[in-house]
Amino acid sequence: MKPGAGMKADAVVVGAGVVGAAVARALAVAGRRVVIVEQGVPGGAVSGASLACIGTHMMDEDELRLLKWCCDEWAAFASVAPDFEYSRCGQLRFLKQESERRSADEWIGIETALGLSPTLLDPDAVRRIEPELTGPIHAATWSPNSAVVNPFLAVRRLLEAAQAAGATLVSRRPVTGLRLAGGRIAGVDTVDGPIEAGIVVLAGGPWTAKLAATAGVELPIVPRKAQCLATVSVPPSIRTVVGACKAEGGVDAGYTQIQQAMSGQILFNTVLEGGVTAAGSPDDIPEVDRAFIRDSVATLLFLFPAFAQIDLLRSWVRYEAVTPDDRFLTGPVGPDGLFVAAGDGGTGFVRSLGMARIIADLVDGRESPFRRDLYDPARFDRKAAA
């Protein structure tokens with residue numbers, strides 16, 4: 001019998017990306033017998049492709065308390081777990097024009113009111129933090145509490161912590177469906193046989209909706225292409241995470257993120273409005289879009305003109321799970337015992353520990369310190385009814 005077949009557990013977590021690993025750790029630490037089932041290699045899907053920024057800046061006003069808690073929890077985890085390249089490097093969000101100043105000031109006010117410490121810097125002050133950022137920016141916001149991690153190592157450390165608390169990891173075992181008995185969850189079926197459990201948590205990213213459907217549950221989660229580029233390794237050149245001010249207009253109404261890995265590679269992406277690839281199959285890995293390459297390189301060189309002679313090394317594409325409002329679906333769904341934690345819209349790393357806390361509190365019947373309504377899987381049904 002292969003590992004994972006015919007097993008019994010208190011809870012099965014489907015998916016060993018950052019969210020599944022965090023949920024498994026939280027449940028195992030709470031005393032549950034947990035089996036983590038991964039169809040491929042842990043962290044091998046979109047988690048491993050992430051730029052893995054841990055921060056609060058210009059994210060979501062309603063989620064700020066949770067995001068702040070998550071940042072503190074990641075810092076605490078980094079202090080006790082083996083090295084996963086955690087670096088509290090801070091984050092800059094640049095303004096291309098004066099018209100973005102109002103939005104920047106509003107975000108600074110919102111975050112300051114919750115005890116955070118963002119500031120607005122003129123170009124000279126920006127270059128004291130990021131000397132190579134010599135492009136013609138108008139200003140930049142600065143958030144010192146943002147951090148980055150190595151995504152593969154971070155997932156591995158969370159899984160190791162879960163296993164140290166008694167969890168079992170089963171890799172390369174696709175789940176083929178959910179098991180029901182008497183109208184409630186009874187476990188999962190895998191390619192190598194069933195795993196019995198009264199609790200199942202679906203943390204399968206873009207595959208989550210397909211799995212939920214095997215129990216008659218419809219989830220508004222679709223896969224969306226996530227892309228990134230990396231240069232060859234160069235000497236230390238970028239100290240922070242560099243992004244665009246979240247404003248009307250932004251980087252021509254787009255998104256950008258630039259940082260340097262400890263390996264020396266510069267990791268970067270820019271997605272402009274209209275350039276986001278819609279639904280696709282997470283089982284198919286296409287090439288990076290040419291328009292994405294063009295826009296990403298243009299933004300990098302606008303900010304860092306001296307990088308014009310650096311060679312590109314690689315690119316990658318994975319699919320992230322997206323909901324209609326770009327927030328997680330986290331909580332109970334369908335038959336008793338079935339939970340979901342998916343739909344991060346590309347920001348799963350920073351929120352993963354918070355989603356794990358919500359699931360663990362729900363399973364143990366504790367009141368959550370966070371606003372669960374923001375992530376309630378039934379929220380779209382209520383809106384449709386209204």
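**Notebook: a predicted protein chain**

I began at Arg172, which sits in the loop that joins β9 (168-170) to β10 (175-181). The model I am reading is a predicted one. Arg172 is not a glycine, yet its phi is positive, at about 55°. I noted this because most residues other than glycine have a negative phi. I then asked whether Arg172 is buried or exposed. Its relative accessible area is 55%, over the 50% cut-off, so Arg172 is exposed.

I looked up Met58 next, another residue that has a positive phi of about 55° although it is not a glycine. Met58 belongs to the loop between β4 (53-54) and α3. With a relative accessible area of 2%, Met58 is buried.

**The whole chain**

I turned to the overall make-up and recorded 10 helices and 20 strands in the protein chain. The radius of gyration is 21 Å, close to the 21 Å that the globule rule gives for 386 residues, so the chain is as compact as a globular protein of that length. Along the principal axes, the C-alpha atoms fill a box of roughly 65 × 45 × 40 Å. Of the 386 residues, 54% are buried. I also looked up the contacts between residues at least 6 apart in sequence, and 73% of them join residues at least 24 apart.

For the surface, I noted an accessible area of about 16300 Å², with 51% of it belonging to carbon and sulfur atoms. The chain carries 38 positive and 44 negative charges, and the mean positions of the two sets are 4 Å apart.

**The nonpolar cores**

Which residues have the most contacts inside the largest nonpolar core? They are Val23, Leu27, Trp74 and Phe349, in a core of 55 residues. Several elements supply at least two residues each, including α1 (18-29), α3 (64-80), α6 (151-164) and β20 (338-342). The largest share, 10 residues, comes from α9.

I followed Trp74 further. Leaving aside neighbours within four places in sequence, Trp74 is in contact with ten residues' worth of partners listed here in part, among them Val18, Ile54, Phe84, Leu158 and Phe349. Apart from this core lies another, of 29 residues, which includes Ala9, Val217, Leu338 and Ala342.

**Three single residues**

Ala162 has its place in helix α6. Its relative accessible area is 0%, and Ala162 is therefore buried. Ala162 and Ala24 are 138 residues apart in sequence, while their C-alpha atoms are 5.9 Å apart in space. Not counting residues up to four places away in sequence, Ala162 touches Ala24, Arg25, Ala28, Ile36 and Ala167.

Where is Gly205 found? I located Gly205 in the loop between β13 and α7 (208-213). At 16% relative accessibility, under the 20% cut-off, Gly205 counts as buried. Beyond four places in sequence, the contacts of Gly205 are Ile221, Ala321 and Ala342. Gly205 and Pro144 are 61 residues apart along the chain, and 30 Å separates their C-alpha atoms.

My last entry concerns Arg327, in the loop between β18 (312-322) and β19 (329-332). Arg327 has a relative accessible area of 15%, so this residue is buried. Leaving aside its neighbours within four places in sequence, Arg327 is in contact with Asp60, Asp62, Glu63, Gly343, Leu374, Tyr375 and Arg379.

Conventions. Residues are numbered from 1 along each chain as its sequence is written. This is a predicted model: local features need pLDDT of at least 70, side-chain atom pairs count only at pLDDT 80 or more; totals for chains, interfaces and linings use all residues. Side-chain values use heavy atoms; hydrogens and water are left out. Helices (H or I, at least four residues) and strands (E, at least two) are DSSP runs, numbered from the N terminus. The radius of gyration is taken over C-alpha atoms; the globule rule is 2.2 Å times the number of residues to the power 0.38. Buried means under 20% relative accessible area, exposed over 50%, partly exposed in between (1.4 Å probe, protein chains only). Contact means heavy atoms within 4.5 Å. Accessible areas come from the Shrake-Rupley method with a 1.4 Å probe; for residues, only the protein chains shown count as cover. Lys and Arg count as positive and Asp and Glu as negative; His and the chain ends are not counted. The place of a charge is taken as NZ of Lys, CZ of Arg, CG of Asp or CD of Glu. A nonpolar core is a set of buried Ala, Val, Leu, Ile, Met, Phe, Trp, Tyr and Cys residues joined through side-chain atoms within 4.5 Å.
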